[in-house]
Amino acid sequence: MLKGGTVSTVAVIAIFLSNIPEGLSSAAGMKRAGRSAAYIFGVWGAIAAASGIASLVGYTVFQGLSANVVAATTAIAAGAILSMLVDTMIPEAFEQTHDFAGLITVAGFLAAFVLSKTGG
C-alpha cells in the first residue's frame, strides 16, 4: 500500500475472518465477567477507532522508510500475533474444543492458503 498498491480481497477476507473468533471470545469473556452490552460495544468501538488512527499514523510514518524497515516491522507484528495466539487463543480453544482445536487450526490455515492461491 505504501507504494500505491491496494489491499487484495483475500487479505480483507482473511483479516475479517481471523478477527471474528477473537472478537467473539473477548466479548463472551467480558459478558461472563458481568460487563454490560454498552461497555462491550464501547470497548470494541474504541479499539476500532484506535486501529484506524494507528493505520493512518503508520501509513504516514512508513511511507518514507525503506523496504527493509517495513519488512522488519511487519515481521515483529507477525511475531506479536503468533505470541498472542499461543498465549491466549490456543489454550482457550483447546479448553473449549479439546481434540478439535488442532483440526480447526489446520482448517483455518488451509482456508487462508486456498484464498491466497485463488487470487483476489
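This report walks through the main features of a predicted model of one protein chain.

## The overall picture

Let's start with the big view. The protein chain contains four helices and zero strands. Read from the N terminus, its elements go α-α-α-α. If you trace the C-alpha atoms along the principal axes, the protein chain spans about 45 × 35 × 25 Å.

How much of the chain is buried? Of the 120 residues in the protein chain, buried residues make up 4%.

## Helix 1 and its nonpolar patch

Helix 1 covers residues 9-32. Look on the surface for Ile13, Phe16, Leu17, Ile20 and Leu24: these residues form a nonpolar patch there. Together they have about 470 Å² of accessible area. Here's a handy bit of background: an α-helix has 3.6 residues a turn, so residues three or four places apart point the same way.

Ile20, one of the patch residues, is found in helix 1. Is Ile20 buried or exposed? Neither label quite fits, because its relative accessible area is 35%, and partly exposed is the term for values between 20% and 50%. Ser18 also has its place in helix 1. With a relative accessibility of 37%, Ser18 counts as partly exposed too.

## Helix 2 and a charge over a ring

Next comes helix 2, which takes in residues 37-62. Gly45 has its place in this helix, and its relative accessibility of 39% makes Gly45 partly exposed.

Now find Tyr39 and look at the face of its ring. Which residue lies over it? That would be Arg35, at 4.5 Å from the ring centre. As for rings pairing up with other rings, the count of aromatic pairs comes to zero.

## Helix 3 and its bend

Helix 3 runs through residues 67-97, and it isn't straight all the way: at Leu85 it bends by about 40°. Follow the chain to the spot just after helix 3 and you'll meet His98, which takes a positive phi of about 50°.

## Distances along the chain and in space

It's fun to check how spacing in the sequence translates into spacing in the fold. How far apart in space are Ser18 and Thr97? They are 79 residues apart in sequence, and their C-alpha atoms are 17 Å apart.

Try another pair, Gly45 and Phe109. These two are 64 residues apart along the chain, and 28 Å separates their C-alpha atoms.

Notes
Residues are numbered from 1 along each chain as its sequence is written. This is a predicted model: local features need pLDDT of at least 70, side-chain atom pairs count only at pLDDT 80 or more; totals for chains, interfaces and linings use all residues. Side-chain values use heavy atoms; hydrogens and water are left out. Rings of Phe, Tyr and Trp (its six-membered ring) pair if their centres lie within 6.5 Å; planes under 30 degrees apart count as stacked, over 60 as edge-to-face and the rest as tilted. A charge sits over a ring if NZ of Lys or CZ of Arg is within 6 Å of the ring centre and within 35 degrees of the ring normal. Patches are made of residues with over 30% relative accessible area and no salt bridge: like charges are joined within 9 Å, nonpolar side chains (Val, Leu, Ile, Met, Phe, Trp, Tyr) within 5 Å. Accessible areas come from the Shrake-Rupley method with a 1.4 Å probe; for residues, only the protein chains shown count as cover. A salt bridge is a side-chain nitrogen of Lys or Arg within 4 Å of a carboxyl oxygen of Asp or Glu. Helices (H or I, at least four residues) and strands (E, at least two) are DSSP runs, numbered from the N terminus. Buried means under 20% relative accessible area, exposed over 50%, partly exposed in between (1.4 Å probe, protein chains only). The bend at a residue is the angle between axes fitted to the seven residues ending there and the seven starting there.
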